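Trainee: I would like to learn how to read a model of a single chain, feature by feature. Where do we begin?

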Amino acid sequence: MKVYLIILSLFILTSCSEKKMEITINAEKIEGLNKDARITINGFEIGNVTDFKIAKDGSINIECNLNSEMEIPIDSKFKIEGIDFLGSKEIMVELGTNSEKIKNGEKIKLAKTELNNCISVSRHNPVMLAITS
């Protein structure tokens with residue numbers, strides 16, 4: 001009887017735990033991104049950064065966990081974006097249209113941003129605007 005209870009408990013624990021998909025995002029610069037930074041689609045959190053590793057070519061591999069229920073097209077763009085005037089960063093995902101989806105263990109290249117995020121954030125902050133004017 002005890003064996004059945006243990007097996008049932010393990011089954012419940014594994015089925016109730018949130019399933020994650022691990023991906024690696026390769027970037028030339030991490031622009032102040034921190035471990036545990038959020039990964040979002042339109043502000044909705046779909047994962048987080050778990051670790052950073054330096055690749056042989058000097059670039060940075062950003063290790064991430066994503067909610068495995070998310071089906072993200074392979075042509076989606078991952079960008080580091082500023083989220084407040086204090087300099088906090090997150091990875092924002094712009095969804096692509098490809099029918100092929102990102103799989104567990106996938107390696108993705110970080111999309112290049114158009115401008116330094118500090119500039120765009122400072123436009124919304126009167127103190128930073130006064131300092132930069």
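**Reading the chain, loop by loop**

Mentor: With one residue. Glu-31 is partly exposed, because its relative accessibility is 34%. Keep in mind throughout that this is a predicted model.

Trainee: Where is Glu-31 placed, and what is phi there?

Mentor: Glu-31 sits in the loop between β1 and β2. Its phi is near 50°, which is a positive value in a residue other than glycine. The loop between β1 and β2 also holds Asp-36, where phi is near 75°, again positive and again in a residue other than glycine. Asp-36 is exposed, with 56% relative accessible area.

Trainee: Let me step back. How many helices and strands does the chain have, and in what pattern do they follow?

Mentor: The chain has 3 helices and 7 strands. Along the sequence the pattern reads α-β-β-β-β-β-β-β-α-α.

Trainee: What share of the residues is buried?

Mentor: Of the 133 residues, 32% count as buried. The chain exposes about 9,200 Å², and carbon and sulfur atoms supply 57% of that area.

Trainee: How should I read contacts with respect to sequence separation?

Mentor: Take the contacts between residues at least 6 apart in sequence, and ask what part of them spans a longer stretch. Here 60% of them join residues at least 24 apart.

Trainee: Which residues does Asn-61 contact, and is Asn-61 buried or exposed?

Mentor: Asn-61 belongs to strand β4, residues 60–67, and counts as buried, at 11% relative accessibility. Leaving aside neighbours within four places in sequence, Asn-61 is in contact with Thr-24, Ile-25, Asn-26, Asp-51, Phe-52, Lys-53, Ala-55 and Lys-107. For Ile-25, 36 residues away along the chain, the C-alpha atom is separated from that of Asn-61 by 5.7 Å.

Trainee: And Thr-97: where is it found, and what does it touch?

Mentor: Thr-97 is in the loop between β6 and β7 and counts as exposed, at 77% relative accessibility. Not counting residues up to four places away in sequence, Thr-97 touches Pro-73 and Asp-75. The C-alpha atoms of Thr-97 and Ser-76 are separated by 7.5 Å, with their positions 21 residues apart along the chain.

Trainee: Next, salt bridges. What is the general idea?

Mentor: Side chains of opposite charge can pair when their charged atoms come close. The cut-off used is 4 Å between a side-chain nitrogen of Lys or Arg and a carboxyl oxygen of Asp or Glu. By this rule the count is 5 salt bridges.

Trainee: Which parts does the pair of Lys-112 and Glu-28 tie together?

Mentor: Start with the distance: the closest N and O atoms of Lys-112 and Glu-28 are 3.2 Å apart. Lys-112 lies in the loop between β7 (107–109) and α2 (117–122), and Glu-28 in the loop between β1 (20–27) and β2 (38–41), so the salt bridge ties together parts 84 residues apart in sequence. Lys-112 counts as exposed, at 64% relative accessibility, and Glu-28 is likewise exposed, at 57%.

Trainee: What about Glu-90 and Arg-38: how far apart in sequence are the parts they tie together?

Mentor: Their side chains meet in a salt bridge with an N to O distance of 3.0 Å. Glu-90 is in strand β6 (residues 89–94) and Arg-38 in strand β2, so this pair ties together parts 52 residues apart in sequence. Glu-90 is buried, at 9% relative accessible area, while Arg-38 is partly exposed, at 32%. Salt bridges that share partners join Arg-38, Glu-45 and Glu-90 into one network.

Trainee: Which partner does Glu-100 have?

Mentor: Glu-100 forms a salt bridge with Lys-103, with the closest N and O atoms 3.9 Å apart. Glu-100 counts as partly exposed, at 42% relative accessibility.

Trainee: Last, pockets. Which residues lie nearest the centre of the largest pocket, and what is its volume?

Mentor: For a pocket, read the volume, then the lining, then the classes of the lining residues. The volume of the largest pocket is about 190 Å³. Its lining has 10 residues, of which Glu-28, Lys-29, Glu-31, Leu-110 and Lys-112 lie nearest the centre. By class, the lining has 3 nonpolar, 2 polar and 5 charged residues.

Trainee: So residues from earlier come back here.

Mentor: Yes. Glu-28 and Lys-112, the salt-bridged pair, are among the residues nearest the centre of the largest pocket, and so is Glu-31, the residue with phi near 50°.

Key: Residues are numbered from 1 along each chain as its sequence is written. This is a predicted model: local features need pLDDT of at least 70, side-chain atom pairs count only at pLDDT 80 or more; totals for chains, interfaces and linings use all residues. Side-chain values use heavy atoms; hydrogens and water are left out. Helices (H or I, at least four residues) and strands (E, at least two) are DSSP runs, numbered from the N terminus. Buried means under 20% relative accessible area, exposed over 50%, partly exposed in between (1.4 Å probe, protein chains only). Contact means heavy atoms within 4.5 Å. Accessible areas come from the Shrake-Rupley method with a 1.4 Å probe; for residues, only the protein chains shown count as cover. On a 1 Å grid over the protein atoms alone, a cavity is a set of points where a 1.4 Å probe fits but cannot get out, and a pocket is an open set with protein on both sides within 12 Å along at least five of seven lines; lining residues have an atom within 4 Å of a point. Grid points are joined across faces, edges and corners, and a volume is the space filled by probe spheres set on the points. Ala, Val, Leu, Ile, Met, Phe, Trp, Tyr, Cys and Pro count as nonpolar, Asp, Glu, Lys and Arg as charged, and the others, Gly among them, as polar.
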